[in-house]
Amino acid sequence: MISRLFDFMKQSKSIQLNNKHSLDIYTNTYTYHKASSSSSTPKALCDVFINHRGTDTKKTLATLLYDNLKARNLRPFLDYKTLKPGDHIFDHINGAIHTSKVAVTVFSPNYGHSYSCLHELALIMESKKRIIPIFFDIKPSQLDVVIERVRCPDDEIQRFRWALQEARDIVGLMFDSDKGNLSEVVTSASDIIVQRLVELEAEDESV
């Protein structure tokens, strides 16, 4: 099994969440180490899967979050950054979701129009991943499946609506591009991701 050691210098910080309560988190400076593992252990493709609508957030929040996590020596998965020529798109995306520890779902105005976004979200929810939602220029109550029925069978529509309903019930970060500071929300999200990974590592070690 891959073991991870995190060394932290913690400074308490408060961020505003979508349920209008504050959550104390930590600003973390750490060193991330990987110990050697046996060849029989499946290699994780990533630590963090970033689910997003490219037309809304690829050039802003999603890329900045990916770069921030890479700078912390983590292994984020962001489709256009991670995939290489010759890779089978859905195989790699599905594999990344199943092997990731944490998923970040960046909900945005055009999210519900994308089959790929909704399919990834459904896989994330079905895999029972630790999820960190970011609501980018959209409220949780506004989330809906907007795909035309001629393009998607009814059972898939229901699956996507179930996944969105589950996501609505998870506390997340709110961001308004007209008023918010993008750097702050990226840093806050990265801090929470690190905290969740540490919690998951502790749970694994206690088993």
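## Aromatic pairs, a helix crossing and two unusual loop residues

Asn-73 has a relative accessible area of 46%, so this residue is partly exposed, the category between the cut-offs of 20% and 50%. The model described here is predicted. Asn-73 is placed in the loop between helix 1 (54–71) and strand 6. The phi angle of Asn-73 is near 65°, a positive value in a residue other than glycine.

A second residue can be described in the same terms. Lys-128 also has a positive phi although it is not glycine, with a value near 55°. Lys-128 is found in the loop between helix 4 and strand 8 (130–136). Its relative accessibility is 73%, so Lys-128 counts as exposed. The table sets out the two residues.

| Residue | Phi | Loop | Relative accessibility |
|---|---|---|---|
| Asn-73 | near 65° | between helix 1 and strand 6 | 46% |
| Lys-128 | near 55° | between helix 4 and strand 8 | 73% |

**Aromatic rings**

A pair of aromatic rings is described by the distance of the centres and the angle of the planes. Searching the whole structure yields five aromatic pairs. In one of them, Phe-49 and Phe-77 have ring centres 5.3 Å apart and ring planes at 15°; the pair is therefore stacked, as planes under 30 degrees apart count as stacked. Phe-49 belongs to strand 5 (residues 48–51) and Phe-77 to strand 6 (residues 76–77), so the pair ties together parts that are 28 residues apart in sequence. Phe-49 counts as buried because its relative accessibility is 2%. Phe-77 is likewise buried, with a relative accessible area of 3%.

Elsewhere, one aromatic cluster is formed by Phe-107, Tyr-111 and Phe-135. A ring may also lie beneath a charge: the charged end of Lys-58 sits over the ring of Tyr-80, at 5.1 Å from the ring centre.

**The crossing of helix 4 and helix 5**

Two packed helices are described by the angle between their axes and the distance between the axes. Helix 4 (residues 115–126) and helix 5 (residues 154–168) have axes that come within 9 Å and cross at roughly 65°. This crossing is left-handed. On the side of helix 4, the contact includes Tyr-115, Leu-118, His-119 and Leu-121. On the side of helix 5, Phe-160, Trp-162, Ala-163 and Leu-164 are among the residues that take part. The residues of this contact divide into 11 nonpolar, one polar and four charged.

Notes: Residues numbered from 1 in each chain as written. Predicted model: local features only at pLDDT ≥ 70, side-chain atom pairs only at ≥ 80, totals over all residues. Heavy atoms only, no water. Phe/Tyr/Trp six-rings, centres within 6.5 Å; stacked < 30°, edge-to-face > 60°. Helix = DSSP H or I, 4+ residues; strand = E, 2+ residues; numbered from the N terminus. Buried < 20%, exposed > 50% of the residue type's maximum accessible area, 1.4 Å probe, protein only. Lys NZ or Arg CZ within 6 Å of the ring centre and 35° of its normal. Axes fitted to C-alpha atoms, helices over the stretch in contact; angles between N-to-C directions. Left-handed = near helix turned anticlockwise from the far one by under 90°. Contact = heavy atoms within 4.5 Å. Nonpolar A, V, L, I, M, F, W, Y, C, P; charged D, E, K, R; others polar.
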